[in-house]
Structures are given as C-alpha cells and as structure tokens.
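The exercises below are meant to be worked with the sequence and the coordinates open side by side. Each task is followed by a solution that goes step by step.

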Amino acid sequence: MKAARTILYIVAGILIIFAFLFILGAFSPSGSTSWLLVGLGGLAVAFVFIIIGARLGAKAAGTTQNISVNVDLPGNMKMDAIKCQSCGAPLAADDIKMIQGAPVVTCHSCGTTYQLTEEPKW
Ligand SMILES: [Zn+2]
C-alpha cells in the first residue's frame with residue numbers, strides 16, 4: 001500500500017513537471033497552443049493521482065495510529081515504575097501491547113500474560 005502511494009506521488013510529480021514544461025512551451029515563440037491543452041490535461045491527471053495517493057495515505061495513517069498508541073503508552077503510564085506482577089522483573093515498553101483496546105503485558109522474563117487494568121494501582 002505504501003509503495004503504491006509512493007509510485008502514485010512520483011508519477012504525479014513527473015506529470016506535473018512535464019505539464020509545466022508543456023505550458024511554458026505553449027507560451028514560447030516556437031510553441032503551439034495545443035501544448036497548453038496537453039499541459040493542463042497532464043496537470044489534471046497528476047492531481048487525480050495525488051488525490052488517490054492521499055486517500056491511500058489516509059488508510060495508512062489509520063494503521064500508524066495504532067502503532068503510536070503503543071509508543072505513547074510508556075510516557076502516560078510511567079514505565080519506570082512498572083514491574084511484572086508474577087516475577088517482579090522490570091517491564092520494557094515492548095512488553096506492553098494494545099489488544100482489543102486494553103493494554104496487555106507479556107513478561108519477557110517469566111512469560112506471564114495479563115491485562116494492565118487488573119493492576120489496582122492503575
Ligand atoms: Zn514476569
């Protein structure tokens with residue numbers, strides 16, 4: 001999906017460059033007015049590509065939002081103070097994952113899995 005969006009933007013960029021060259025060429029003494037139409041058509045196609053790319057990007061942004069929840073979690077919950085309920089080993093940010101909207105801890109030391117909401121301190 002990301003690659004498709006990048007290709008769309010690259011194609012749109014190339015189209016815009018050529019479209020501007022055609023439009024500039026249309027105003028030069030050796031140019032013809034038909035180049036202006038070609039340039040405007042190229043611009044229109046480029047904008048369609050950008051719109052499609054932006055829509056693909058909006059879908060991709062939804063995926064990255066889930067990732068940012070994981071990244072933001074340590075700051076909100078003071079990771080320094082978090083220890084495993086089973087073995088007391090300090091938990092890393094990677095040990096906490098959002099599963100169905102609830103923060104779930106998977107201890108890397110003892111392998112215990114439990115929900116953070118069960119911890120009374122929280
Ligand atoms: Zn543990």
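**Exercise 1: the helix α1**

Within α1, the residues L8, A12, A19, I23, G25 and A26 are buried. The model is a predicted one, and the tasks here should be read with that in mind.

Task: State which residues form the nonpolar patch on the surface, and find which element gives the largest share of this patch.

Solution. Start with the extent of the helix: α1 has 26 residues and reaches 38 Å from its first C-alpha to its last, which is close to the 38 Å expected at 1.5 Å a residue. Next, collect the members of the patch, which are I10, I14, I17, F18, L21, F22, L24, W35 and V38, with about 870 Å² of accessible area together. The elements that contribute two or more residues to the patch are α1 (2–27) and α2 (33–77), and the largest share, seven residues, comes from α1. For reading the spacing of such positions, recall that an α-helix has 3.6 residues a turn, so residues three or four places apart point the same way.

Task: Place W35 in its element, and decide whether W35 is buried, partly exposed or exposed.

Solution. W35 lies in helix α2. Its relative accessible area is 35%, and the class "partly exposed" covers values between the cut-off of under 20% for buried and the cut-off of over 50% for exposed. W35 is therefore partly exposed.

**Exercise 2: order of elements and the sheet**

Task: Give the order of the elements from the N terminus on, and then describe how the strands are arranged in the sheet.

Solution. The chain has two helices and three strands, and these elements run α-α-β-β-β from the N terminus on. The three strands form an open sheet in the order β1-β2-β3, with antiparallel pairing. Its edge strands are β1 (96–99) and β3 (113–115), each of which pairs on one side only. Neighbouring strands of this sheet are turned against each other by 35° on average, direction ignored.

Task: How many bridges join β1 and β2, and how many join β2 to β3?

Solution. Take the pair of β1 and β2 to begin with: β1 and strand β2 (residues 102–106) pair in the antiparallel sense over four bridges, and the bridge partner of I96 in β2 is V105. Then turn to the other pair, where three bridges join β2 to β3, again with the strands running antiparallel; here V104 stands opposite Q115 in β3. As for burial, β2 is mostly covered, since four of its five residues are buried.

**Exercise 3: the two hairpins**

Task: For each hairpin, find how many residues lie between the strands and which turn residue has a positive phi.

Solution. β1 and β2 form a hairpin with two residues between them, and the turn residue Q100 has a positive phi of about 50°. Q100 has this value although it is not a glycine. Q100 lies in the loop between β1 and β2, and because its relative accessibility is 82%, Q100 counts as exposed. The hairpin of β2 and β3 has six residues between its strands, and in this turn G111 has a positive phi of about 80°.

**Exercise 4: buried residues in a loop**

Task: Locate I82 and D95, decide whether I82 is buried or exposed, do likewise for D95, and give the C-alpha distance from I82 to L116 and from D95 to C107.

Solution. I82 is placed in the loop between α2 and β1, and D95 is also found in the loop between α2 and β1. I82 has a relative accessibility of 4% and so counts as buried; D95, with a relative accessible area of 9%, is likewise buried. For the distances, I82 and L116 are 34 residues apart in sequence and 9.8 Å apart in space, C-alpha to C-alpha. The C-alpha atoms of D95 and C107, which are 12 residues apart along the chain, are separated by 6.0 Å. As a setting for these residues, 25% of the 122 residues of the chain count as buried.

Conventions
Residues numbered from 1 in each chain as written. Predicted model: local features only at pLDDT ≥ 70, side-chain atom pairs only at ≥ 80, totals over all residues. Heavy atoms only, no water. Pairing = 2+ DSSP bridges. Axes fitted to C-alpha atoms, helices over the stretch in contact; angles between N-to-C directions. Patch = residues over 30% accessible without salt bridge, like charges linked within 9 Å, V, L, I, M, F, W, Y side chains within 5 Å. Areas by Shrake-Rupley, 256 points an atom, 1.4 Å probe, with all protein chains shown as cover. Salt bridge = Lys/Arg side-chain N within 4 Å of Asp/Glu carboxyl O. Buried < 20%, exposed > 50% of the residue type's maximum accessible area, 1.4 Å probe, protein only. Expected span 1.5 Å × (residues − 1).
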